Amino acid sequence: MMTASLRIAKIWGIPIGLHWSWFIIFALVTFSLSAGMFPRDYPGLSPAAYWTLGVVTSLLFFASVLLHELGHAALALRYGVPMREINLFIFGGVAVMTKESPSAKAEFWIAIAGPLVSLLLAAGFGLIWFISGDWVYLAAPVYWLAWINFTLAIFNLIPGFPLDGGRILRAIVWHFNGSLHRATQIASGVGQVVAFGFIAWGVFTMFSGNFSGGLWIAFIGWFLQNAAAATLAQSNLEQSLKDVTVKRVMTLDYPRIPIGLTLQKLVDEYLLRGEGRYFIVFDGDDQPRGLVTLNEITATPRENWANITAGQVMIPNEKLISVAPNTELLTALQMMDEAGVAQVPVNEKGQIIGILSREQILRYISLRHSLGLMKTLEKSQSADTPVITPRLDKPATS
């Protein structure tokens, strides 16, 4: 839901993007300011002036949201946590980190940095409003921006994971019990309680006569509940895969193709026969030279398949990421995620000994989950089945 549809900039090497839903909220904020608040509170201006103020104020508001997220990003980078992207969407913004914070202290400061930036912005806009006097063209936007940034800070400090307040709560619990997983369970549980509270409040507001306002509050609650549940599921998954290595999941039987094989033959003789979706390319000396996936094939015009070889479109070894068989599975998955690839070679002592793919990881997770359910059922059945102990004081009868 939060994946950006449009990349607009890079700051500190972090891609900044807009999700399509951002355009909806930008239009709604602009309309409410230009046709509602500003004409009501500052009468006497022309329609063009109101709409200009509305657009400028909305842009400054979303710049404030971006600064809020950059506050998180700055502290994350300081603590060595890579940032994948920052996206603006219908509920504001989200800074996406590629891994968890290294410590409870880091988690606390990364989480609180955003609300602190919003509070500083609120104070700054408030000061400008104080000295702006009666000049409407400055007083009108900065007054609203001071109020909305203060509201943004306070809202984010609500202890409902994944809001900043929920992350602060997780950091505090993590600090005292020493377990990130347990802290995530508690913070996510509190977050879901808060989310259901928002949903109940929204429903009550709708039946009280403010349907649109109540619907919006309930929608926020629904979003928070889903985000908290997804975070808990991810934490449980990471806990279950802890200490699992690549060696337990990788496949030793990977498809090999010669470097001179044309794409047409690759498709006809391998892909269409179900031989795989990725192929290690070997040269005449039986040395691996690279990897070909469906992406490289489909990126080549079909009319050129008969003349283009696997060696011409492959990803060469020097551009491939690889993992060792004793690499933790979660680490390998993170590397694949950061590189945006679906499979990586498994390398030992300079030789490819297997392939690890997302498909294999998902299959392993599914199988492990199924086996876990089976064990649970077996324990349940064992507990429910009465144990019949024969009496030794009487002979058995038939």
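## Sheet and the helices across it

Contact here means heavy atoms within 4.5 Å. In this predicted model, helix 2 (residues 47-78) lies across strand 1, strand 2, strand 3 and strand 4, and runs at about 160° to strand 3. Helix 1 (residues 20-41) lies across strand 1, strand 2 and strand 3 (83-89), with a direction at about 40° to strand 3.

The strands beneath this description form an open sheet of 4 strands in the order 1-2-3-4, and their pairing is mixed. Its edges are strand 1 (6-11) and strand 4 (92-97), each of which pairs on one side only, while the twist from one strand to the next averages 20°. Strand 1 pairs with strand 2 (residues 14-18) in the antiparallel sense, over 5 bridges, and within this part of the sheet R7 stands opposite G17 in strand 2.

## Helix 3 against helix 4

Helix 3 (residues 104-132) packs on helix 4 (residues 136-156) at an angle of about 155°, and the two axes are 8 Å apart. Because angles over 145 degrees count as roughly antiparallel, helix 3 is described as roughly antiparallel to helix 4. The crossing of these two helices is left-handed.

On the helix 3 side, the contact includes P115, L119, F125, I128 and W129, and on the helix 4 side the residues met include L138, V142, Y143, F150 and N156. The residues of the contact of helix 3 with helix 4 divide into 16 nonpolar, 5 polar and no charged.

## S132 in the helix 3 contact

Which residues does S132 touch, not counting residues up to four places away in sequence? With that exclusion, S132 touches L138 and A139. S132 lies in helix 3, and both L138 and A139 are listed among the helix 4 residues that helix 3 meets.

Is S132 buried or exposed? The relative accessible area of S132 is 12%, and because buried means under 20%, S132 is classed as buried.

## Helix 6 against helix 7

Another helix pair is formed by helix 6 (residues 180-207) and helix 7 (residues 211-240), which pack at an angle of about 165° with their axes 7 Å apart. That angle makes helix 6 roughly antiparallel to helix 7. The crossing of helix 6 and helix 7 is left-handed, and the residues of their contact divide into 15 nonpolar, 16 polar and no charged.

Definitions and conventions. Residues numbered from 1 in each chain as written. Predicted model: local features only at pLDDT ≥ 70, side-chain atom pairs only at ≥ 80, totals over all residues. Heavy atoms only, no water. Axes fitted to C-alpha atoms, helices over the stretch in contact; angles between N-to-C directions. Parallel < 35°, antiparallel > 145°, perpendicular 65-115°, else oblique. Left-handed = near helix turned anticlockwise from the far one by under 90°. Nonpolar A, V, L, I, M, F, W, Y, C, P; charged D, E, K, R; others polar. Pairing = 2+ DSSP bridges. Buried < 20%, exposed > 50% of the residue type's maximum accessible area, 1.4 Å probe, protein only.
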